[in-house]
Amino acid sequence: MRQDNGTKIEHLSKKLNGLLSMPQQTVPLAFIHFRNREWAKGTYKNELGMDSLFLEWLLLKHDQIEDATSLGQGWESDGILDGFKLDFKEIQNQHRTFGIHTKEKFDQYKGNYDNELLDLVVFYSTRRNYKNPRLLKAGDNVKFYYRGLIDVQDMLNESKPSHYPRGYKFISLNNQLITK
């Protein structure tokens, strides 16, 4: 953890818990158009995973976080809150692990942290059906649940080799997250 940030991070965690305790959100057509434009750029590997952009889109649209695209190439962090550069990650409710699937992704997190383009990873879940996923449609309702945050350096230091053939590293989130 960067020096002297402990109390600030705990305050930020409480603030994020409040922000993500928002009522259920109805997916507007404007988000669907945004998601489709982003997919058309060809920079994402998984179209279903793009629905995770809904939280970031909402927080930016309602000025709850600052846009971070001016910091680098636009993908290093998802937004800025109280001076912290954040990466939002949706995790399945029943899973308390987070996978870093490739060495390149691990190195990307490390580089973004070392270059002060990313400070914290924020974990949240929804009640979407992960077993039979489908893309969000306009009119769908989504409820967000704050799960906690972790300093990027702590996440990298605590990561272990993955047991899965498609994985590189993983971190057990059970005792690692700052939750409130």
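A salt bridge is a side-chain nitrogen of Lys or Arg within 4 Å of a carboxyl oxygen of Asp or Glu. With that in mind, welcome to this predicted model, which holds 10 salt bridges. Let us look at some of them.

A good place to start is helix α4 (residues 103-114), where Lys103 and Asp107 sit 4 residues apart, about one helical turn. These two residues form a salt bridge, and their closest N and O atoms are 2.8 Å apart. Lys103 is partly exposed, at 42% relative accessibility, and Asp107 is also partly exposed, at 37%.

Next comes Arg128, which has two partners to meet. One of them is Asp51, joined to Arg128 by a salt bridge. Here distant parts of the chain are linked: Arg128 lies in the loop between β5 (120-125) and β6 (141-142), Asp51 in the loop between α2 (29-40) and α3 (53-61), and 77 residues separate them. Arg128 also forms a salt bridge with Glu90. This pair again links distant parts of the chain, 38 residues apart, with Glu90 in strand β3 (residues 84-90).

The table gives the closest N and O atoms for each pair.

| Salt bridge | Closest N–O distance |
|---|---|
| Lys103 and Asp107 | 2.8 Å |
| Arg128 and Asp51 | 3.5 Å |
| Glu90 and Arg128 | 2.7 Å |

How buried or exposed are Arg128 and its partners? Arg128 is partly exposed, with a relative accessible area of 22%. Asp51 is buried, at 3%, and Glu90 counts as buried because its 17% relative accessibility falls under the 20% cut-off.

Finally, Arg35 joins the picture: Arg35, Asp51, Glu90 and Arg128 are linked in a network of salt bridges.

Key. Residues are numbered from 1 along each chain as its sequence is written. This is a predicted model: local features need pLDDT of at least 70, side-chain atom pairs count only at pLDDT 80 or more; totals for chains, interfaces and linings use all residues. Side-chain values use heavy atoms; hydrogens and water are left out. Helices (H or I, at least four residues) and strands (E, at least two) are DSSP runs, numbered from the N terminus. Buried means under 20% relative accessible area, exposed over 50%, partly exposed in between (1.4 Å probe, protein chains only).
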